[in-house]
Amino acid sequence: MKVIIAEKPDQGATLASPFKHKKQQGYIEILPTELFPNGAYVTWAIGHLCQLAPPEKYNPQWKKWTLEQLPIIPERFQYEVERTKAKQFNVVKSILKKPEVTEIIHAGDAGREGELIVRNVIHLSGVKKPMKRLWISSLTKKSIIEGFERLLDETDTKNVYYEAYTRACADWLIGMNASRVFSILLKQKGIQDVFSAGRVQTPTLALIVKREKEIEDFKSEPFWEVMAKFKINGHTYEGKWHKDQESRLKDAETAEKIAAFCKEKPAQVSELEKERKEFQPPLLFNLSALQATANKIFSFPPKKTLDITQALYQKGIVSYPRSDSNYVTPGEAETFPEILRKISQFDDYKDYFPLPFQSILNNKRYVNEKKVTDHYAIIPTEQVKDPSKLSGDERKIYDLIVKRLIAAHHEKAIFDYTTLNTLVDGRASFISKGKQQIQEGWRKVIFQQEEGENDVLLPPVQKNDEGKVDKAWVKEGKTQPPKRYTEGQLITLMKTAGKHLNNEDLEKVLMKTEGLGTEATRSGIITMLKTRNYIDVRKNQVFATDKGKLLIDAIGEKILASPEMTAKWEQRLSEIGEGGASPGAFMEQVKKLSLKIIEDAKDQSSGWDFTRYSVEPKKTSKSKYNRGSSPKTQEDLGPCPVCQSGQVVDKGKLYGCSNYQNTKCGFTFSKKILGKSVSAANIKKIIKTGESNLIKGFKKGEKTFNAKLGWKDGKLNFLFEQAK
């Protein structure tokens, strides 16, 4: 009998759905079938069931935050089961130990993190049985069955596990040591707050702070431009004065003189250039492109886009969301005609059919097996869905994905770009630009209004045509500071950061790993920066807070804030995943880097002066992950047991997740239960150990009783002591 271990409960249910099955507590039993003659068990982790042990587990002295205890470098890293998830771990462990279970099928997400999560659960169970790997890119019934029919050997993905395990340990080392050294040194300067630093979050924050300072340091200057309206051969159009490719004048007097000179003067078309440009349909989506597009159109935070796409994936209607590829293999391309035939039946898409191209199987712009990494592009699956049957936000994301595929089957868009140069009285030169759409092509499906784009249509004048200046005037303006990044632009910036390194081999690797973080982690990094009060997002613009600016000032231009360091790091991790580099050698370099970060911070701290910043002291939990700062009036009580990304905070009449605004996390309960107040100390104990101290005096009707409170199965329960 086989046991299938998924990453999450809903994935487990989806994997069992093609077969007859019975739901049990913490697992599903698949009844005997052709694929599983003896039946099978499907069970699951709950995301990260296991976590790297905190410092004090290795050495009790490491619990105290002191410079003398740094660097913190365990001899051997250990994982432990999260207390709040121990019940599900015990379910998995008991199933693995069943004598009838002879083979394990690893069915975590087909990527680095999925590989790590499930293997960790198996390792901690202590069970050693033969293992196979399910590796699929969509959760349709067809894909699930085909995946079980062609399982990989566990050795095929073992290097991916080594990559993920090495990344987790290395990030722990850097984050733990950097966070502690900067928090301690800044506290010595009178700044009472916890500062979290890390390999990806810190260089990302440095990019945001750099832009913030460019805006702060920018000094706006006035300029003047001379405009003119021409009448030539019965046609009118406007132009802008320019000289040596510069149109802005630094003083109003000169501009007024030019305008006065041009009034009612003769004018001639001195140059006329037409350039035809062809635009191919956009590539299919990878996650970063989808997040950037959804942010630009709908102002969705990247994390929201990922969560929605993950939900669509769980429904089996789009492929794996955390893909870094814009391409598909010929196998996927062969399914497109049937997928599009089904899509054409829906009212939302009827107008785009019939398609100019019935197949793109031989189009290398989309179909290129060599450019497909672990997963192909994000596409609708053969289980197409009428978008009108989806919720509002799901419909928006599904529509983007569907339209990208439709657009790929349309013709290119063609425009003529015209540049006119008009000479006034043989002396003053004016430039006019316009464009004309020649072929709509794929823009019928996806209309993209580019920044600064205008649709001015110039009249059909010819070179040497003559006329006069009908009107001339001066337009005043001011130079503008750089714009703040949107969250979508930040995703793109993270993806490309570090690409300017002068290293050909690194450039090749970056085509795959690229910049800061991965497709799966970038949105989480941005959410983390928000949660830790390093950035603030208002009207889809990213602002660096004083806390964020202070930390980057403290770090300076050292390696911790360098995108190049992270790019090199990702290069080496990628090589480990491909079996071409040693995890041990990599970790030795990380240990040296940890020591260097500590020494650099100590050396720089004597020159720190942060009196210009306003960072208010607040009570902050020093959890093992330094999960960050909550709003100013709220105390962090511990990591949220539901979403794991936020903190449980005191919200007045209730306790809830600090991440509610970003993720709509539903963790919440009242401060008063059956007449008894639940103290913050008990909440901390529930989060840490799974249960509170004994609370006396709960009232139900006329009866009173004593009980502990415990967090189980996603809700708060009463825990009663057994009678002696």
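Q: In this predicted model, how many bridges join S20 to strand S21?
A: S20 covers residues 654-657 and strand S21 covers residues 668-670. The pair runs antiparallel, with Gly 656 standing opposite Thr 668 in S21. The number of bridges joining S20 to S21 is three.

Q: Which residue in S20 is the bridge partner of Val 648?
A: S20 also pairs with strand S19, residues 647-650, through three bridges. These two strands run antiparallel. In S20, the partner facing Val 648 is Cys 657.

Q: Which residue in the hairpin of S19 and S20 takes a positive phi?
A: This hairpin has three residues between its strands. One residue of the hairpin has a positive phi near 95 degrees, and that residue is Gly 652.

Q: What is the order of the strands in the closed barrel?
A: The barrel has six strands, and their pairing is antiparallel. From one strand to the next, the twist averages 35 degrees. The order is S10-S11-S14-S13-S12-S15.

Q: Which helix packs on the sheet and touches S15?
A: The helix also touches strands S10 (222-232), S11 (235-241), S13 (413-424) and S14 (428-439). Its direction makes about 165 degrees with that of S15. Spanning residues 252-262, this is helix H8.

Q: Which residue in S15 stands opposite Pro 266?
A: Strand S12 (residues 266-279) and strand S15 (residues 466-478) run antiparallel and are joined by three bridges. Across from Pro 266 in S15 stands Lys 468.

Q: Is Pro 282 buried or exposed?
A: Pro 282 sits in the loop between S12 and H9. Leaving aside neighbours within four places in sequence, Pro 282 is in contact with Arg 365, Tyr 366, Arg 404, Trp 442 and Ile 446. The cut-off for buried is under 20% relative accessible area. At 11% relative accessibility, Pro 282 therefore counts as buried.

Q: What distance separates the C-alpha atoms of Pro 282 and Arg 443?
A: Along the chain these two residues are 161 residues apart. In space, their C-alpha atoms are separated by 9.9 Å.

Q: What word describes how H9 and H13 lie to each other?
A: Helix H9 (residues 287-298) and helix H13 (residues 392-408) pack at an angle of about 120 degrees, with their axes 11 Å apart. The residues making the contact include Leu 290, Ala 294 and Ile 297 of H9, and Ile 397, Leu 400 and Arg 404 of H13. The crossing is right-handed. Angles of 65 to 115 degrees count as roughly perpendicular and those over 145 as roughly antiparallel, so H9 and H13 are oblique.

Q: Where does the side chain of Arg 133 make a polar contact at 3.5 Å?
A: Arg 133 lies in strand S8, residues 131-133, and is buried, with a relative accessible area of 1%. A polar atom of its side chain also lies 3.0 Å from the backbone oxygen of Asp 109. The contact at 3.5 Å is made with the side chain of His 106.

Q: Which residue has its backbone oxygen 2.6 Å from a polar atom of the side chain of Ser 179?
A: Ser 179 lies in helix H6, which covers residues 158-188. With a relative accessible area of 2%, Ser 179 is buried. The backbone oxygen at 2.6 Å belongs to Gly 175.

Q: Why is helix H17 largely enclosed by the rest of the structure, and how many of its residues are buried?
A: The buried residues of H17 (residues 546-555) include Lys 547, Lys 549, Leu 550 and Ile 552. They pack against H6, helix H7 (201-217), strand S17 (541-544) and helix H19 (583-605). H17 is largely enclosed because the buried count, out of ten residues, is eight.

Q: Which residue follows H17?
A: The phi of this residue is positive, near 70 degrees. The residue that follows H17 is Gly 556.

Q: What percentage of contacts between residues at least 6 apart in sequence join residues at least 24 apart?
A: The protein chain has 21 helices and 26 strands, and its C-alpha trace spans about 110 × 65 × 60 Å along the principal axes. Of its 724 residues, 52% are buried. The share of those contacts joining residues at least 24 apart is 72%.

Key
Residues are numbered from 1 along each chain as its sequence is written. This is a predicted model: local features need pLDDT of at least 70, side-chain atom pairs count only at pLDDT 80 or more; totals for chains, interfaces and linings use all residues. Side-chain values use heavy atoms; hydrogens and water are left out. Helices (H or I, at least four residues) and strands (E, at least two) are DSSP runs, numbered from the N terminus. Buried means under 20% relative accessible area, exposed over 50%, partly exposed in between (1.4 Å probe, protein chains only). A polar contact is a pair of N or O atoms within 3.5 Å; within protein, one must be able to donate a hydrogen and the other to accept it, and residues adjacent in sequence count only if both atoms are side-chain atoms. Two strands pair if DSSP finds at least two bridges between them. Axes are lines fitted to C-alpha atoms, for helices over the stretch in contact, and angles run from 0 to 180 degrees between N-to-C directions. Contact means heavy atoms within 4.5 Å. Angles under 35 degrees count as roughly parallel, over 145 as roughly antiparallel, 65 to 115 as roughly perpendicular and the rest as oblique. A crossing is left-handed if the near helix is turned anticlockwise from the far one by less than a right angle, and right-handed if clockwise.
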